[in-house]
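This report is for a reader who is new to the structure shown below. It goes through a strand, a helix, charged pairs and aromatic rings.

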Amino acid sequence: MMAIRIHTEHGEPHERPARGMLSQLVERIGADGDHFVIVERLTADPDVYIQVWHDTGGDYQLEHRDGSADRHFQAYLPTAAEVVEVMARWARQEKAWDLGPTWRRLDLPAEEEPAHDSRIGG
């Protein structure tokens, strides 16, 4: 079990899930009304999270934020399995968890900087 909380577009909360649950949730997203999964560490700042958005037929848009808006990054991955691997490494706080994807800083205008409540669906 991982020390994380997962939120979905359906509003399903999952606390301390096994990796298999994370896999199931990421693999199912893409349909109308079920596009994203947000993961946050149980003991972390609410502005520290990793999240994924997916439309069926497209790549997975993976984002992570490490505090302020200038520490918000995104990458695109082709498969749910790759997304789950990165999210699980992030959740376990593994050294170099972010190696692999090509991360780009997401530039958010100051007036549109997301607060904890305005993450994808949160």
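The text below describes local features of this model, which is predicted.

**Strand β1 and its partners**

Strand β1 has two faces. Ile4, Ile6 and Thr8 form the covered face, while Arg5 and His7 lie on the uncovered one. In a regular strand the side chains alternate between the two faces of the sheet.

β1 runs antiparallel to β3, and five bridges join the two strands. In this pairing, Ile4 of β1 has Arg41 of β3 as its bridge partner. β1 is also antiparallel to β2, to which three bridges join it. Here the bridge partner of Arg5 is Glu15 in β2. The hairpin of β1 and β2 has four residues between the strands, and Gly11 there takes a positive phi near 85°.

Arg5 and Glu15 appear again among the charged residues: together with Glu40 they are linked in a network of salt bridges.

**Helix α1**

Helix α1 covers residues 19-28, and Leu22, Ser23, Leu25 and Val26 in this helix are buried. An α-helix has 3.6 residues a turn, so residues three or four places apart point the same way. The buried residues of α1 pack against several elements, including the strands β1 (4-8), β3 (36-41) and β5 (60-66), and also against the helix α2 (80-91). After α1 comes Gly30, which has a positive phi near 135°.

**Salt bridges**

The model has nine salt bridges. Three of them are listed here with the distance between their closest N and O atoms.

| Acidic residue | Basic residue | N to O distance |
|---|---|---|
| Glu12 | Arg28 | 2.3 Å |
| Asp34 | Arg28 | 2.8 Å |
| Glu94 | Arg92 | 2.7 Å |

Glu12 forms a salt bridge with Arg28. Glu12 lies in the loop between β1 and β2 and Arg28 in helix α1, so this pair ties together parts that are 16 residues apart in sequence. Glu12 is partly exposed, with a relative accessibility of 25%. Arg28 is partly exposed too, at 33%.

Arg28 also forms a salt bridge with Asp34. Asp34 has a relative accessibility of 8% and so counts as buried, the limit being under 20%.

In the pair of Glu94 and Arg92, Glu94 is partly exposed at 30% relative accessibility, and Arg92 is partly exposed at 40%.

**Aromatic rings**

How many aromatic pairs does the structure hold? There are two. A pair of aromatic rings is described by the distance of the centres and the angle of the planes.

One pair consists of Phe36 and Trp53. Their ring centres are 6.3 Å apart and their planes are at 15°, so the pair is stacked. Phe36 is in strand β3 and Trp53 in strand β4, 17 residues apart, and the pair links these distant parts of the chain. Phe36 is buried, with a relative accessible area of 5%, whereas Trp53 is partly exposed at 29%.

The other pair is formed by Trp97 and Trp103. With centres 5.9 Å apart and planes at 70°, this pair is edge-to-face. Both of these tryptophans are buried.

A further ring lies beneath a charge. The charged end of Arg41 sits over the ring of Trp90, at 3.9 Å from the ring centre. Arg41 is also the bridge partner of Ile4 described above.

Conventions. Residues are numbered from 1 along each chain as its sequence is written. This is a predicted model: local features need pLDDT of at least 70, side-chain atom pairs count only at pLDDT 80 or more; totals for chains, interfaces and linings use all residues. Side-chain values use heavy atoms; hydrogens and water are left out. Buried means under 20% relative accessible area, exposed over 50%, partly exposed in between (1.4 Å probe, protein chains only). Contact means heavy atoms within 4.5 Å. A salt bridge is a side-chain nitrogen of Lys or Arg within 4 Å of a carboxyl oxygen of Asp or Glu. Rings of Phe, Tyr and Trp (its six-membered ring) pair if their centres lie within 6.5 Å; planes under 30 degrees apart count as stacked, over 60 as edge-to-face and the rest as tilted. A charge sits over a ring if NZ of Lys or CZ of Arg is within 6 Å of the ring centre and within 35 degrees of the ring normal. Two strands pair if DSSP finds at least two bridges between them.
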